[in-house]
Amino acid sequence: MRHLIRRLSIYLLAIWAAITLNFFLPRLAPGNPAELYFYRLETHGSINPAALKALEIEFGLNTTDSLWVQYLKYLNNLIHGNLGISITFFPSSVGDIIAQNIRWTLVLLTMSVLISFTLGTLIGVFLAWRRASALDTALSSVMMFLYSILYPWLAFMALYFLAFSLGWFPIQDAYDAATVTPGWNLDFLLNAADHAFLPALTIVVSTVAGWMLTMRNSMITTLSEDYVLMAKAKGLTSRRVMFAYAARNAILPSVTGFAITLGGIVGGSLLVEIIFNYPGVGFSLFQGIQNDDFALTQGILLLVIVAIIIMNLIADLLYAVLDPRAGQERSM
Amino acid sequence: MGASEQMEKLLEVKNLSVDYEASSGTVHAVTDVSFTLRRGEIFGLAGESGSGKSTLAYAISRLLNPPAIITGGQVLYYPPSRAERNAALLQGQAHPIADDQNGQPIDILHLSSAQLRAFRWNELAIVFQSAMNALNPVMNIGTQIIDVLKTHRPGMSGKERKQRALELLQLVGIAPDRLKSYPHELSGGMRQRAVIAIALALSPEIIIMDEPTTALDVVVQRDILAEIMRLREQFHFSVIFITHDLSLLLELADQVAIMYAGRMVEKASQRDLYNNPRHPYSYGLIHSFPTLHGPRRKASGIPGSPPDLRAVPPGCAFHPRCPLAFSACMTDLPVLRHISAASDQQAACHLYDPQFNADPPTTVAIAASYEAKVEGSSVR
Amino acid sequence: MSHSPSSHVSPASLDADGRLPSGPPPSEALTTRPASILSGVVAVLRGFWSLVTINRKVMVGSGIVGFFVLVALFGPLFIRQNPLKYTFDLIDPPSSAHWLGTNLGGQDLFSQLVVGTRASVFWAFFSGLLVLVISVTVGLVSGYFGGIVDDILSLLTSVFLVIPALPLAIVATQYFPRAEITIAVIVALTNWPWGARVLRAQTLSMRSREFVTAARAGGERTWRVIFSEILPNELSIVAASFITTTIQVLLAVAGLEFLGLGDSSIVSWGTMLNGAYTSSALILGAWWWFAPPGLCIALLGAGLALLNFGIDEFADPRLRRERPAKAAQKKAVA
């Protein structure tokens with residue numbers, strides 16, 4: 001219990017650290033990027049004064065407040081979801097943009113993560129059981145290659161060969177605005193899935209390698225443990241030995257790895273969206289970067305960072321449930 | 001234990017050999033080992049690390065993993081007589097493997113996987129050295145007992161299984177409220193008891209104990225050993241007791257076999273071995289431990305170290321370290337034979353082979369030769 | 001099991017004051033003869049060779065990495081064409097004139113790839129080394145000293161471990177003027193926690209080992225104990241950690257460059273990908289623009305990964321695969 005509380009406080013601390021870093025970074029950078037931003041914003045036209053105020057507070061401009069007061073006001077704005085105005089999508093507020101586009105990112109993410117984890121783990125277990133086969137060597141080598149692939153590059157390749165050249169999948173967007181209407185109808189859902197498939201596939205292909213390799217090595221080590229030998233000696237069926245004794249233990253490092261890889265997946269899906277013109281927050285982020293739209297990028301990134309931290313927390317809790325030894329302090 | 005039971009053959013190992021294939025060469029872990037285990041007997045297997053004793057035990061139950069392979073020999077199991085089987089059957093404990101054997105032994109090495117699984121734990125169970133490592137860390141001990149019941153006794157209901165599990169815990173002296181405890185929540189001694197409880201679950205005929213007390217402190221060791229003896233009195237199973245601690249075997253075992261470099265070099269009853277160890281290695285082993293009682297004796301170790309099993313010395317593997325080695329020892333391989341026509345004791349040593357040596361040494365002579373060797377060697 | 005007090009310092013090796021001798025007498029260290037230098041070099045090379053050929057994975061891995069390092073070092077010397085020169089051969093597929101074709105500005109892509117190798121490999125290793133220095137220092141200090149120092153450093157490590165590296169790096173980089181060194185440093189500052197944690201755990205277990213106690217009993221200064229006694233024993237973990245980190249920073253730097261946060265005036269694999277995207281290379285069907293740089297990243301990463309797994313296999317015998325002789329396999333009964 002004490003251990004869990006300690007973990008929880010680390011996560012809360014991390015969220016606080018991220019928010020605070022977000023606050024300080026623009027003030028630390030050379031030149032004055034924030035002022036430039038403001039200037040560009042003002043040349044766009046008239047702005048909702050409240051939003052303008054929020055931006056001033058966020059970047060510390062036009063104010064005589066001390067740093068500490070600025071910080072408090074910044075936190076206050078955050079809590080109210082006031083993230084400022086975006087240049088790129090002027091005059092929409094950052095909050096609106098995120099709310100609009102996040103659903104697509106979530107769709108993509110959910111599909112990718114589920115497929116990736118299940119596939120990777122199962123393949124890993126299977127390969128470890130059948131060690132020293134030609135399949136194992138071949139697949140492991142392929143996996144090692146995939147492990148170091150840059151998501152956008154894989155997306156490029158997939159897009160070019162599967163969508164562009166062969167025409168098997170749509171090239172971009174989340175759905176075909178011309179042919180289907182959004183809503184809970186089958187046509188739309190199928191169309192959306194069709195569009196999400198290729199992006200999800202590239203994410204899956206890149207990340208499954210990492211999990212598979214972890215699971216495989218973990219399984220190999222676990223299979224040489226005495227308790228697996230004893231399970232065999234007990235005359236239990238191969239299936240029971242493999243799953244209840246071996247995999248059940250081997251999966252533990254995977255769960256931790258899952259949390260860490262999750263960060264990579266979210267980051268990766270951001271990059272993948274760019275290539276596929278998939279209208280999630282990743283794509284908006286990219287547009288923001290290109291336009292030096294600090295309010296937008298800051299808002300999205302903060303959201304992403306906090307989301308990943310929370311996912312890590314959940315994974316940690318999951319680990320505690322799976323491993324009865326987790327109550328003890330481990331320098332793991 | 002009746003006399004007839006006493007004499008009955010239970011397990012026969014004939015000329016068993018096991019090799020490990022390593023990229024640096026073939027390791028002959030076990031070479032040409034034969035012995036017979038009788039019902040109700042405690043058979044001790046002693047030797048230094050790397051002598052092959054654990055490999056032998058795992059080979060018997062076919063639990064060796066590649067790169068270890070059995071390269072020759074037989075392991076024959078003689079399931080106990082029908083009368084006893086039927087009695088056991090009436091108690092609701094089915095022994096599926098023994099039902100239609102007609103007194104023919106079962107060739108363990110050629111069983112199919114299904115048959116092997118039925119054989120395992122039903123007839124032969126293993127108590128591993130380190131209970132912490134032998135128990136699944138993410139499963140409570142109750143489930144680990146019930147596991148075997150589920151697999152081997154399909155007729156039992158959930159309630160009956162739980163009942164049996166509690167019975168077993170009680171047998172080994174673990175409180176019933178620990179049924180759902182995880183291994184890391186138990187003390188070292190309790191974990192070992194739990195492993196013993198699991199071993200007893202199906203009332204096997206043979207229990208192999210691989211250094212069951214080495215990882216425990218001496219006080220707990222005594223407890224566990226007493227426990228094992230008591231359970232044996234109650235259930236009449238046979239034990240193959242593996243250890244490097246010969247002094248234990250000299251107290252517990254009925255028969256003791258000494259292994260060196262993968263071969264069995266001496267086989268004798270407990271008394272014979274204690275009074276008259278014949279093979280110089282056995283002597284060296286026994287007299288490495290100071291005794292609490294008896295005359296004061298110089299404690300000698302055995303100079304040198306066991307050979308690399310990829311390159312065993314020609315002739316007798318022990319000859320480089322033996323204080324009584326002579327010319328034949330370096331060229332001719334000694335085989336396990338009775339030391340004399342009248343004796344049950346067997347040793348693999350040319351000293352007792354009339355072909356090579358007319359005058360077998362007495363125990364005193366062996367002692368003297370060791371002392372001479374120790375005196376003669378320089379201070380390391 | 002009985003515990004015998006043992007010390008790795010036998011009485012004979014302490015000097016008159018009861019301290020450990022500090023090394024070879026100075027006179028020996030200073031004299032060098034040409035023959036011994038040569039044989040020293042040969043010995044090092046031979047040692048290096050036996051290390052590299054230790055198992056197949058290490059061999060292949062170091063081969064790949066070595067190849068890229070060589071190209072990075074010497075490749076640009078062989079390039080005739082100016083990678084930044086604009087020509088009129090726009091978006092040309094690979095031909096004898098341009099081995100990898102040209103991009104939207106008519107620039108030769110093959111020369112760009114080779115020249116880009118230098119930048120990418122250099123910054124990847126630079127950043128990796130930076131991470132190494134930070135994580136080793138934090139890990140060792142935290143593990144060795146314990147107490148409040150450890151508490152603070154561990155907390156810092158845990159917090160940064162949980163914050164995702166790439167998003168944080170993006171947040172930081174966007175405010176600064178675009179420069180490769182900025183990216184490299186920021187990537188290093190966001191990727192050190194993992195290695196630090198691993199090293200801390202290892203140092204903790206090393207700290208209570210006998211040779212450390214012996215060294216301290218012998219009066220060695222603290223920093224010497226850390227760097228001369230403990231660190232050498234952790235080298236394999238440090239090496240594995242370095243390799244893993246280098247893969248991550250390679251991908252991170254390339255990712256940031258792809259997003260346009262790199263210095264667009266220099267040529268690197270990541271900036272090539274960025275160029276390909278912004279010029280809609282895909283629609284133009286110019287696969288020769290985006291395929292090679294990404295392929296190089298993946299290959300270098302794979303080479304490093306192979307090296308890593310090879311070292312893993314070597315260190316943990318259970319992961320090794322012994323190859324049994326065919327004849328013995330046939331004789332197997334069980």
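Helix H1(A) passes H5(C) in a right-handed crossing, and in this predicted model the pair offers a convenient way into the structure. Two packed helices are described by the angle between their axes and the distance between the axes. For helix H1, residues 2-28 of chain A, and H5(C), the axes come within 9 Å and cross at roughly 70 degrees. Because angles of 65 to 115 degrees count as roughly perpendicular, H1(A) is described as roughly perpendicular to H5(C). On the side of H1(A), the contact is made by Ile10(A), Tyr11(A), Leu13(A), Ala14(A) and Ala17(A), while H5(C) brings Ser158(C), Val159(C) and Val162(C). Sorted by class, this contact has seven nonpolar residues, one polar residue and no charged ones.

From this crossing the view can be widened to the interface between the two chains, where 40 residues of chain C are in contact with 47 residues of chain A. On the chain C side, the elements that give two or more residues are helix H5 (147-162), helix H6 (165-173), helix H8 (193-207), helix H11 (235-258) and helix H13 (287-315). Of these, H13(C) gives the most, with 11 residues. Taken by class, the side of chain C that touches chain A has 32 nonpolar, six polar and two charged residues.

Chain A itself has a secondary structure of 12 helices and zero strands. Of its 332 residues, 45% are buried. Among the contacts in chain A between residues at least 6 apart in sequence, 75% join residues that are at least 24 apart.

A single residue of chain A shows how parts separated along the chain can meet. Gln172(A) has its place in the loop between helix H7 (151-165) and helix H8 (186-223) of chain A. Is Gln172(A) buried or exposed? Gln172(A) has 16 other C-beta atoms within 10 Å and is therefore partly exposed, since a residue is buried at 20 or more such atoms and exposed at 12 or fewer. Leaving aside its neighbours within four places in sequence, Gln172(A) is in contact with Phe276(A) and Asn277(A). The C-alpha atoms of Gln172(A) and Pro279(A) are separated by 9.0 Å, although these residues are 107 residues apart along the chain.

Turning to the interior, the largest nonpolar core has 264 residues, and those with the most contacts inside it are Val195(B), Ala197(B), Ile240(B), Phe241(B), Ala169(C) and Val253(C). The largest share of this core, 17 residues, comes from helix H10 of chain A, residues 238-276. For Val253(C), when residues up to four places away in sequence are not counted, the residues touched are Trp123(C), Ala124(C), Ser127(C), Ile183(C), Ala184(C), Val187(C) and Gly270(C).

Two residues of chain B deserve a look for their backbone angles. Most residues other than glycine have a negative phi, and most peptide bonds are trans. Asn15(B), however, has a phi near 50 degrees, a positive value in a residue other than glycine, and lies in strand E1 (residues 9-22) of chain B. With 11 C-beta neighbours inside 10 Å, Asn15(B) counts as exposed. His236(B) also has a positive phi, near 60 degrees, but its place is in the loop between helix H9 (218-235) and strand E8 (238-243) of chain B. Because His236(B) has 16 C-beta neighbours inside 10 Å, this residue counts as partly exposed.

Note on methods:
Residues numbered from 1 in each chain as written. Chains lettered and ligands numbered in written order. Predicted model: local features only at pLDDT ≥ 70, side-chain atom pairs only at ≥ 80, totals over all residues. Contact = placed C-beta atoms within 7 Å. Helix = DSSP H or I, 4+ residues; strand = E, 2+ residues; numbered from the N terminus. Nonpolar A, V, L, I, M, F, W, Y, C, P; charged D, E, K, R; others polar. Core = buried A, V, L, I, M, F, W, Y, C linked by C-beta atoms within 7 Å. Axes fitted to C-alpha atoms, helices over the stretch in contact; angles between N-to-C directions. Parallel < 35°, antiparallel > 145°, perpendicular 65-115°, else oblique. Left-handed = near helix turned anticlockwise from the far one by under 90°.
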